[in-house]
Amino acid sequence: MAGPMKMRATLAGGYTDVRVLMTHPMATEQQTKGQPHFIQNVTVRVNGKTVIEGEISQAVSRNPVFSFRVKGGAKGDQVEVSWLDNAGETNKTEASVA
């Protein structure tokens, strides 16, 4: 059900700004007539080190866009964003800091 994610990571003023589009239906109980389907956990890693872990709920719109700001970073660092939904599906994407 989940499609490809799009992400960009840029360095500015001593911070790495990450913006990611997560393709997911984020369906409510009313839309699915019973069991909602939504992203539960989001993890951001820089060069393999977890820098952000968060939980979200079904109150987020379909195909959500998230922005994160991480202190530090350097051009070429690898940023990975992944998610886990309440149905056990996962998705992730990677990008280099520009």
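Let's start at threonine 93. Threonine 93 sits in strand β7. This is a predicted model, so keep that in mind throughout. Buried or exposed? Threonine 93 is buried, because its relative accessible area is 13%, and the cut-off for buried is under 20%. What does threonine 93 touch, once neighbours within four places in sequence are set aside? The list is Met5, Met7, Val20, Val79, Glu80 and Val81. Keep three of those names in mind: Val20, Val79 and Glu80. They come back.

Take valine 79 next. Leaving out residues up to four places away in sequence, valine 79 is in contact with Met7, Ala9, Val18, Val44, Arg45, Val46, Thr93, Glu94, Ala95 and Val97. So Thr93 is on that list, and valine 79 is on the list for threonine 93.

Now the core. The largest nonpolar core counts 19 residues. Which residues have the most contacts inside it? Val20, Met22, Val79 and Val81. Where does the core come from? At least two residues each are supplied by β1 (6-12), β2, β3, β5 and β6. Strand β3 gives the largest share, with four residues.

Step back to the whole chain for a moment. The protein chain has one helix and seven strands. Read from the N terminus, the order is β-β-α-β-β-β-β-β. Along the principal axes, the C-alpha atoms fill a box of roughly 45 × 20 × 20 Å. The chain has 98 residues, and 35% of them are buried. What about contact range? Take contacts between residues at least 6 apart in sequence: 58% of these join residues at least 24 apart.

Next, charges. How many salt bridges does the structure hold? Three.

Start with arginine 69 and aspartate 17. They form a salt bridge, and the closest N and O atoms are 2.7 Å apart. Arginine 69 is in strand β5 (residues 65-71) and aspartate 17 is in strand β2 (residues 15-21), so this pair ties together parts that are 52 residues apart in sequence. Arginine 69 counts as exposed, because its relative accessibility is 52% and the exposed class begins over 50%. Aspartate 17 has a relative accessible area of 22%, so aspartate 17 is partly exposed.

Arginine 69 has another partner. Arginine 69 lies over the face of tyrosine 15, at 5.0 Å from the ring centre.

On to arginine 45 and glutamate 80. Their side chains meet in a salt bridge, at 3.0 Å from N to O. The two ends are 35 residues apart: arginine 45 is in strand β3, and glutamate 80 is in strand β6 (residues 78-85). Why is arginine 45 classed as partly exposed? Because its relative accessibility is 26%. Glutamate 80 is buried, because its relative accessible area is 15%.

Glutamate 80 also pairs with lysine 92. That salt bridge is 3.8 Å, N to O. Again the link joins distant parts of the chain, with glutamate 80 in strand β6 and lysine 92 in strand β7 (residues 90-96), twelve residues apart. Lysine 92 is partly exposed, because its relative accessibility is 49%.

Put those two bridges together. Arg45, Glu80 and Lys92 are linked in a network of salt bridges. And recall that Glu80 is also in contact with threonine 93.

Now histidine 37. Where is histidine 37? In the loop between α1 (29-32) and β3 (39-46). Histidine 37 counts as buried, because its relative accessibility is 8%. Which side chain does histidine 37 meet in a polar contact? The side chain of aspartate 85, at 2.7 Å.

Last item: aromatics. A pair of aromatic rings is described by the distance of the centres and the angle of the planes. How many aromatic pairs are there? One. The partners are phenylalanine 66 and phenylalanine 68. Their centres are 6.2 Å apart, and 20 degrees separate the planes. The pair is stacked. Phenylalanine 66 is buried, and phenylalanine 68 is buried too.

To recap. Threonine 93 is buried and sits in strand β7. The 19-residue core has Val79 among the residues with the most contacts inside it. Glu80 shares a salt-bridge network with Arg45 and Lys92. Arginine 69 bridges to aspartate 17 and lies over the face of tyrosine 15.

Definitions and conventions: Residues are numbered from 1 along each chain as its sequence is written. This is a predicted model: local features need pLDDT of at least 70, side-chain atom pairs count only at pLDDT 80 or more; totals for chains, interfaces and linings use all residues. Side-chain values use heavy atoms; hydrogens and water are left out. Rings of Phe, Tyr and Trp (its six-membered ring) pair if their centres lie within 6.5 Å; planes under 30 degrees apart count as stacked, over 60 as edge-to-face and the rest as tilted. Buried means under 20% relative accessible area, exposed over 50%, partly exposed in between (1.4 Å probe, protein chains only). A charge sits over a ring if NZ of Lys or CZ of Arg is within 6 Å of the ring centre and within 35 degrees of the ring normal. A polar contact is a pair of N or O atoms within 3.5 Å; within protein, one must be able to donate a hydrogen and the other to accept it, and residues adjacent in sequence count only if both atoms are side-chain atoms. A salt bridge is a side-chain nitrogen of Lys or Arg within 4 Å of a carboxyl oxygen of Asp or Glu. Contact means heavy atoms within 4.5 Å. A nonpolar core is a set of buried Ala, Val, Leu, Ile, Met, Phe, Trp, Tyr and Cys residues joined through side-chain atoms within 4.5 Å.
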